Amino acid sequence: MVPSDERRRAANGRASSRARVAPPRKLPTGIRGLDNVLWGGLPEGRATVVSGRPGTCKTIFCAEFLYRGATEYGEPGVLVTFEEPPENLIRNVAGFGWDLQALVDEGRLAIVDAGIRQLAETEELDEGYTLAPVWVRIRHAVETLGARRVAVDALSSVFDCLGNRGAVRKLFLKLCHELGGLGVTTLVSAEERGAYPYARDADIMQFVADGLIELEMRVAQQQIVRSLTVRKLRGVSYRSGAVDFELDEHGVIVYPKIPIERRMARTGLRRRLSSGVPDLDPVLGGGIPEGHVMLVSGNTGTGKTLLGLHFVRAGLAAGEPAVVVALEESAEQLRRTAAAQGLALKRHERLGRLALIDAPLIDVFTDKLLYDIVNAAQRVGARRLVFDSLSSLESASMNRDDVRAFLSQLVEFTKARGLTSMISFLVPEMLGAEQGQLLAQLRVTDIRLSSLVDGIILLRYVQQGSRIRRLLHVLKLRASRHSTDIFAMTIGHGRITLEPLGTGVPCQPIR
Amino acid sequence: MSEQPEQRLRLRLYVAGTTLPSQRAQASLAAVTSDLPAAAVELEVIDVIADPQAAERDNVIAAPLLVRLAPGPPLRVIGDLGDHDHLRALLGLAPQDPAQKVCVEKSNSSASSGS
């Protein structure tokens, strides 16, 4: 993809003395977030297919494309509906506050009812017919309104009703090739079906169209998680990869991935940020190097969240605003936990120095979450980030590769902004590690996450005599010296203290 | 046999331009109604390319489309109407006499093999 683009650009460069062929311009859809994914919009004057299984919101994309065009860009549109009767369609999208009937009355929208309902009452004597009347009606509506946009909903459903599939294909080809000649940008929705013979028709549509956007949904634990993937957009560039979207009270909202920035903020590794735990800073060689991403890995109750809160507290005391992502507990619960440590989160939030983000533990939209983090960091001018915890994403119906991808994006963002971060990760198997086995206890997932982060702090429980003790040690710290000692960690009275473990009483794994 | 007004065959044929299917459909209609007195058949032909608004008003999707307005319940048939026997049956017309039928079948088969 990239090399051929470069070749094309090079070819353009050579031909620049002669007439230059401009790439298709982009037409903003107006659908929130989608134009970001499309790098500006749909290729103007071309046809793009939006495909997906039933219930993936194809019709809503079609309707919103036209609604935004008419209301935000002053571009009249034509909606061609093959499946839903116009009155149903109008009613179905009224909930988003879109008054399509008003647009029709004002001459900003025309609805061509190519309803296949009536085909049920039509005798198909032979296959000597065409769908030319549909084309004629669309063209007439486009010319009457001076339309700039056409959305064709559920063209593929005609395949079910007519024996003459060639007629349907011909209509589709006409839509693709001739609407552009009328200065119209087209969105065609198509049902995606696996089984023959539909697959062939769907294939043809996908080959012929200039653009293809696939909609998907999966039923997660408590809600439907929707995503879209731009498969092609002829002649123009776009962002690849699946992105989440959802429906809210205003329509579709797409959460584009945050741009991957290779740029690194100018951070001074020599500059150390206090971890907020006075005993920990010398262990880290003086504090956390600025811009580092620290992974705090440990079992439940070992103090991961507390370490994060102390890190935030030290930051706020030093005039460094922070973003805290609380997935393990609700924001309110975290405020209470913090208050018990003498940290009034609420006050800092009011002063605009701290942003607290909480998301439902189940069915987290990661793309949305990234957006929330980016926006919050910009809003408060964050210098520090606490993410508690990465492992809760895994329990929130994400697989480990997704978690790794998310972390990778999050790290890119923190590096680009020069944020110093503490990310916690729950490791249940860590329970009862023996001293000699400490390194061997690292799970494969940890190792894989390890390459993404700059430092790892391990927390675990052991039994020492008749006591359960928390142990802390720094496993890794990029570009810095650090202590390799194992410390006993004590939490109490709003403080975290470390002391050398000592050799007196042997530690035992908890059984 | 006296013609009742309501028994007059009222047909409307929507075509899309002067394409081959349009011509075939019109020829077929002429053939199956040729035995009827002229006053017994009312045929209106609408070219949707010339009159897109009619297509919009009557929700026409495919052409040629033959609509029987009367007598009996509304009937819609799409295709180039090449199967005369089927078309007669749909329109409630008497079958053609067998001698002529052979000719029609021959011409039909030659037409279909040529297409």
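Guide: A residue counts as buried when its relative accessible area is under 20%, and as exposed when that value is over 50%. The model above is predicted, and in it both A:Phe61 and A:Phe245 are buried.

Visitor: What share of the residues of chain A counts as buried?

Guide: Chain A has 511 residues, of which 55% are buried. For chain B, with 115 residues, the share is 42%. The exposed surface can be read alongside these values. Chain A exposes about 21900 Å², 51% of it supplied by carbon and sulfur atoms. Chain B exposes about 6200 Å², with 56% from carbon and sulfur.

Visitor: How many helices and strands does each chain hold?

Guide: Chain A has 17 helices and 24 strands. Chain B has four helices and four strands, arranged along the sequence as β-α-β-α-β-β-α-α.

Visitor: How should one read aromatic pairs, and how many does the structure hold?

Guide: Ring centres within 6.5 Å make a pair; planes over 60 degrees apart are called edge-to-face, and those under 30 stacked, with tilted for the rest. Over all chains, the structure holds four such pairs. One of them joins A:Phe61 and A:Phe245, which meet edge-to-face at 5.3 Å centre to centre with 85° between the planes. Because A:Phe61 belongs to helix α3 (residues 58–72) of chain A and A:Phe245 to strand β11 (residues 243–248) of chain A, this pair ties together parts 184 residues apart in sequence. A further pair is that of A:Phe387 and A:Phe406, which is tilted: the centres are 5.5 Å apart and the planes make an angle of 50°. Here A:Phe387 lies in strand β18 (residues 384–388) of chain A and A:Phe406 in helix α16 (residues 400–417) of chain A, so the parts tied together are 19 residues apart in sequence.

Visitor: Are A:Phe387 and A:Phe406 buried or exposed?

Guide: A:Phe387 is buried, because its relative accessibility is 0%. A:Phe406 counts as buried at 3%.

Visitor: Which residues form an aromatic cluster?

Guide: A:Tyr67, A:Phe96 and A:Trp98 form one cluster. A ring may also have a charged side chain over its face: A:Arg384 lies over that of A:Phe311, at 4.5 Å from the ring centre.

Visitor: How does one see contacts between residues that are distant in sequence?

Guide: One compares separation in sequence with separation in space. Among the contacts in chain A with a separation of 6 or more, 72% involve residues 24 or more positions apart; the corresponding value for chain B is 68%. As a single case, A:Val254 and A:Val37 stand 217 residues apart in sequence, yet their C-alpha atoms are 8.3 Å apart. A:Val254 lies in strand β12 (residues 251–255) of chain A and counts as buried because its relative accessible area is 3%. Beyond its neighbours up to four places away in sequence, A:Val254 touches eight residues' worth of surroundings that include A:Leu34, A:Val37, A:Leu228 and A:Phe245.

Visitor: Which residues does B:Asp80 touch in chain A?

Guide: B:Asp80 touches A:Asp126 and A:Gly128; its contacts also include B:Pro21, B:Arg24 and B:Pro64. The residue is placed in the loop between β4 (75–78) and α3 of chain B, and its 10% relative accessibility makes it buried.

Visitor: Why can a helix keep its buried residues on the same side?

Guide: An α-helix has 3.6 residues a turn, so residues three or four places apart point the same way. In helix α3 (residues 84–91) of chain B, the buried residues include B:His84, B:Leu87, B:Arg88, B:Leu90 and B:Leu91. Those residues are on the same side of α3(B) because they cover an arc of only 165° around the axis. Just after α3(B) comes B:Gly92, with a positive phi of about 75°.

Visitor: Where should the model be read with caution?

Guide: The pLDDT gives the predictor's confidence in each residue, from 0 to 100. Chain A has a mean of 83, and 83% of its residues reach 70 or more. Its residues 1–18 fall below 50, and this stretch has one contact beyond near neighbours in sequence. In chain B the mean is 81; among its elements, strand β1 (residues 9–15) has the highest mean, 95, and helix α4 (residues 98–114) the lowest, 47. For the model, ipTM is 0.81 and pTM 0.69.

Methods: Residues are numbered from 1 along each chain as its sequence is written. Chains are lettered from A and ligands numbered from 1 in the order in which they are written. This is a predicted model: local features need pLDDT of at least 70, side-chain atom pairs count only at pLDDT 80 or more; totals for chains, interfaces and linings use all residues. Side-chain values use heavy atoms; hydrogens and water are left out. Helices (H or I, at least four residues) and strands (E, at least two) are DSSP runs, numbered from the N terminus. Buried means under 20% relative accessible area, exposed over 50%, partly exposed in between (1.4 Å probe, protein chains only). Contact means heavy atoms within 4.5 Å. Accessible areas come from the Shrake-Rupley method with a 1.4 Å probe; for residues, only the protein chains shown count as cover. Rings of Phe, Tyr and Trp (its six-membered ring) pair if their centres lie within 6.5 Å; planes under 30 degrees apart count as stacked, over 60 as edge-to-face and the rest as tilted. A charge sits over a ring if NZ of Lys or CZ of Arg is within 6 Å of the ring centre and within 35 degrees of the ring normal. The arc is that of the directions from the helix axis to the C-beta atoms.
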